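Take a look at the fold below. Have the sequence at hand while you read.

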Amino acid sequence: ERVENTFLRWLQAGGVDLISVHTWTTEETIDELLGKVNGVVLMGYPEELNKESLYYKKAQYIIQKVVKIAEESEGKTLIPVLAIGNDASLMTTVLTGETDYITSIKNTRPNRLIFEDTDVAKKSLIFQELDPEDFVNLVSLDILANRMNFGITKGDFKKNAKLNELFDIIATSKNNEGEYVSVIQNKKYPIIGLTFHPEKIVFEQNLI
């Protein structure tokens with residue numbers, strides 16, 4: 001579909017060589033690929049939180065395998081994971097084992113980021129190499145493209161012990177329903193969740 005195609009082209013434009021993993025890709029093949037790649041991108045899918053879906057099970061296997069590799073290597077082999085859109089919530093459910101903090105958001109409006117701590121955000125894995133001008137634009141202009149079915153409100157995140165133990169909130173965003181988590185980073189591993197598609201900004205698609 002269009003979002004996936006533009007996401008792939010965005011990565012390729014940055015010089016990334018891509019290898020697709022499908023719901024029918026075997027675990028043996030995934031194990032082999034994880035020994036070769038230097039990162040994983042989970043691109044988002046409408047049925048992420050259906051734990052019986054093939055997509056959820058495959059994403060779960062990849063995330064848990066990445067963590068296992070890091071633990072068995074005592075932190076010497078770290079494979080970054082970037083979970084986009086609804087997959088940010090999927091990623092948290094895999095690592096916490098909980099879903100009760102997930103809420104229906106249905107956000108399709110453009111918005112901006114609200115950084116919890118600007119200095120921390122600038123040093124985070126996702127923003128540490130961002131141009132200063134772009135960093136300013138993220139907080140001052142409604143340019144982020146969100147197409148979310150569900151997510152985590154800031155209040156629910158703060159109340160959940162496991163989420164606070166595993167993740168730092170890097171940034172939030174607001175919609176008509178309130179303030180929700182927009183960027184999170186795992187405290188131990190290079191695992192990041194973004195509720196927006198970084199390759200899509202408002203002028204490129206009709207969000208309203």
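What follows is a walk through a predicted model, from its core to its helix packing and a few single residues.

Start with the largest nonpolar core. It holds 32 residues. Leu34, Val40, Leu42, Leu90, Met91, Ile152 and Phe157 touch the most other members. Several elements each give two or more residues to this core: the helices α2 (27-34), α3 and α4 (87-96), and the strands β1 (40-42), β2, β7 (167-175) and β8 (178-186). Which element gives the most? That is α3, with 10 residues. A second core lies separate from this one. This second core has 17 residues, including Phe7, Phe135, Leu144 and Val183.

Now go to α4. Of its 10 residues, 9 are buried, so the helix is largely enclosed by the rest of the structure. The buried ones are Asp87, Ala88, Ser89, Leu90, Met91, Thr92, Thr93, Val94 and Thr96. Burial here means a relative accessible area under 20%. The buried set therefore takes in the charged Asp87 as well as nonpolar residues such as Leu90 and Met91. Pick out Met91 in this helix. Leaving aside residues up to four places away in sequence, Met91 touches Ile63, Ala83, Phe167, Ile184, Ile191, Ile192 and Gly193. Just after α4 comes Gly97, which takes a positive phi of about 75°.

Next, the helix pairs. Two packed helices are described by the angle between their axes and the distance between the axes. Take α3 and α4. How do their axes cross? They come within 10 Å and cross at roughly 60°. That angle makes α3 oblique to α4. The crossing of α3 past α4 is right-handed. On the α3 side, the contact is made by Tyr55, Tyr56, Ala59, Gln60, Ile63, Gln64 and Val67. They meet Asp87, Leu90, Met91, Thr93, Val94 and Leu95 of α4. By type, the residues of this contact divide into 9 nonpolar, 3 polar and 1 charged. A general point helps in reading such lists. An α-helix has 3.6 residues a turn, so residues three or four places apart point the same way.

The other pair is α2 with α3. Their axes are 11 Å apart, and the helices pack at an angle of about 45°. The two are therefore oblique to each other. Again the crossing is right-handed, with α2 passing α3. From α2, the residues Glu27, Ile30, Asp31 and Leu34 take part. Their partners in α3 are Lys58, Tyr61, Ile62, Lys65, Val66 and Ile69. This contact divides into 6 nonpolar residues, no polar ones and 4 charged.

Stay with α3 for one more residue. Gln60 is found in this helix. Is Gln60 buried, partly exposed or exposed? Gln60 is partly exposed, because its relative accessible area is 25% and the partly exposed class runs between 20% and 50%. Compare its position with that of Gln185. The two glutamines are 125 residues apart in sequence. In space they are 17 Å apart, C-alpha to C-alpha.

Finish in the loop between α3 (54-72) and β2 (81-84), where Glu74 has its place. Glu74 has a positive phi of about 55°, although it is not a glycine. What is its relative accessible area? The value for Glu74 is 69%, and the residue is exposed.

Conventions
Residues are numbered from 1 along each chain as its sequence is written. This is a predicted model: local features need pLDDT of at least 70, side-chain atom pairs count only at pLDDT 80 or more; totals for chains, interfaces and linings use all residues. Side-chain values use heavy atoms; hydrogens and water are left out. Helices (H or I, at least four residues) and strands (E, at least two) are DSSP runs, numbered from the N terminus. Buried means under 20% relative accessible area, exposed over 50%, partly exposed in between (1.4 Å probe, protein chains only). A nonpolar core is a set of buried Ala, Val, Leu, Ile, Met, Phe, Trp, Tyr and Cys residues joined through side-chain atoms within 4.5 Å. Contact means heavy atoms within 4.5 Å. Axes are lines fitted to C-alpha atoms, for helices over the stretch in contact, and angles run from 0 to 180 degrees between N-to-C directions. Angles under 35 degrees count as roughly parallel, over 145 as roughly antiparallel, 65 to 115 as roughly perpendicular and the rest as oblique. A crossing is left-handed if the near helix is turned anticlockwise from the far one by less than a right angle, and right-handed if clockwise.
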